Amino acid sequence: MATIISIVNQKGGVAKTTTAINVSAALGSMGKKVLLVDLDPQGNATTGYGYMGALKKNLEHTTYDVIMGEVRPSQAIIKTEYKNVWLMPSTQSLAEAEIRLLQFENKTLQLKKALLQIKDDYDIIIIDCLPSLGVLALNGLSACDRIIIPMQCEPYSLEGVAELLSTVKRVKKTSNRNLQLMGIVFTMLDKRLTVNREVMRSIKAKFPEDTIFKTEIPRNVKISEAPSHGEPIMYYDPTSKGAEAYALLAKEVLKKCKEAEEML
């Protein structure tokens with residue numbers, strides 16, 4: 001049965017989608033069967049796996065159709081060309097779900113119900129949530145076992161994480177009592193910048209050591225280039241610092257998954 005991990009942060013531009021793409025690819029390369037669910041109407045995770053232009057426009061089914069209950073999850077999943085990684089793609093049509101779901105009695109549980117149908121088919125399911133705390137993001141939180149929070153070490157980051165964790169507490173009480181924080185991962189980090197170092201120290205002082213990933217993702221040009229080529233960084237430039245960092249992060253994620261299983 002898969003461990004379901006949502007990658008969340010209501011703040012945009014923190015490398016959330018980049019983390020979802022590259023961790024999923026790295027886990028796949030390690031022999032794990034991985035499904036990446038694109039839960040963002042921008043569809044950047046879909047683009048990052050090579051589905052852009054005409055390929056994206058011609059997708060028969062997407063996350064939107066699954067969330068709205070119009071198709072089975074298996075009908076929307078496509079096999080990527082990368083080892084052991086499958087994708088539930090997204091397009092701008094998913095933005096309509098934010099409005100239409102308000103009419104549903106269990107509006108925050110649609111994705112959870114869908115993933116229960118396929119949970120046994122994968123080792124790990126990663127959900128790339130949109131930068132929001134609206135009904136779609138709540139679907140992502142309600143459907144997962146663990147969350148990963150990518151964080152840029154910049155002013156106001158701590159305030160944003162506090163707001164997110166407050167939402168997580170509410171979701172635990174109402175729809176997902178097993179929801180846990182897997183960890184915070186520092187992204188786009190440049191330790192030469194005083195502000196980065198100061199914010200990182202502040203966050204480490206406020207959170208338990210085991211809730212912060214040891215791996216830090218550096219600011220790296222190759223990581224920025226890879227999505228426009230429709231490739232995860234480990235395939236675009238396997239010797240780059242970015243590829244090495246995401247490989248290490250994936251190993252940490254896998255270790256935390258195993259630890260969680262042993263505690264059950």
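# A tour from the sheet outward

Begin by selecting strand β1 (residues 3–7) together with strand β6 (residues 146–152), two strands that run parallel and are joined by 3 bridges. Within this pair, pick I5 and then R146, its bridge partner in β6. What is on display is a predicted model, so every value in this tour is computed from predicted coordinates. As background, the strands of a sheet pair through backbone hydrogen bonds, in either a parallel or an antiparallel manner.

Now widen the selection to the whole sheet, which is open, has 7 strands in the order β3-β4-β2-β5-β1-β6-β7, and shows mixed pairing. Its edge strands are β3 (78–79) and β7 (180–187), each of which pairs on one side only. Next add helix α9 (residues 157–174), which packs on the sheet and touches β6 and β7, its direction making about 170° with that of β6.

Zoom out to the full chain, where 13 helices and 7 strands are found. The radius of gyration is 17 Å, close to the 18 Å that the globule rule gives for 264 residues, and the chain is therefore as compact as a globular protein of that length. Along the principal axes, the C-alpha trace spans about 50 × 40 × 35 Å. If you colour by accessibility, 54% of the 264 residues count as buried. A contact map would show that, among contacts with a separation of 6 or more, 79% come from residues 24 or more positions apart.

The cysteines make a natural next stop. How many disulfides does the structure hold? The structure holds 0, and C129, for its part, has the sulfur of C144 as its nearest cysteine sulfur, 7.0 Å away. That separation does not make a disulfide, because a disulfide requires two cysteine sulfur atoms within 2.5 Å. C129 counts as buried at 1% relative accessibility, and C153, which is also worth selecting, is buried with a relative accessible area of 2%.

Turn next to the charged side chains, bearing in mind that side chains of opposite charge can pair when their charged atoms come close. A search of the whole structure finds 7 salt bridges, and one of them joins the side chains of E70 and R100 at 3.4 Å, N to O. Where do E70 and R100 lie? E70 is in the loop between α4 (63–67) and α5 (73–76), whereas R100 belongs to helix α6 (residues 95–100), so the pair ties together parts that are 30 residues apart in sequence. E70 is partly exposed, with a relative accessible area of 44%, and R100 is likewise partly exposed, at 33%.

Select R192 and D190 for another salt bridge, with an N to O distance of 2.9 Å. Is each partner buried or exposed? R192 counts as exposed at 72% relative accessibility, while D190 counts as buried at 13%.

Finish in helix α11 (residues 221–225), where E225 and K222 are 3 residues apart and thus separated by about one helical turn. Their side chains meet in a salt bridge of 3.6 Å, N to O. E225 counts as partly exposed at 28% relative accessibility, and K222 is partly exposed with a relative accessible area of 31%. As a last selection, take K191, K204 and E216, which salt bridges that share partners join into one network.

Conventions:
Residues are numbered from 1 along each chain as its sequence is written. This is a predicted model: local features need pLDDT of at least 70, side-chain atom pairs count only at pLDDT 80 or more; totals for chains, interfaces and linings use all residues. Side-chain values use heavy atoms; hydrogens and water are left out. Buried means under 20% relative accessible area, exposed over 50%, partly exposed in between (1.4 Å probe, protein chains only). A salt bridge is a side-chain nitrogen of Lys or Arg within 4 Å of a carboxyl oxygen of Asp or Glu. Helices (H or I, at least four residues) and strands (E, at least two) are DSSP runs, numbered from the N terminus. Two strands pair if DSSP finds at least two bridges between them. Contact means heavy atoms within 4.5 Å. Axes are lines fitted to C-alpha atoms, for helices over the stretch in contact, and angles run from 0 to 180 degrees between N-to-C directions. The radius of gyration is taken over C-alpha atoms; the globule rule is 2.2 Å times the number of residues to the power 0.38.
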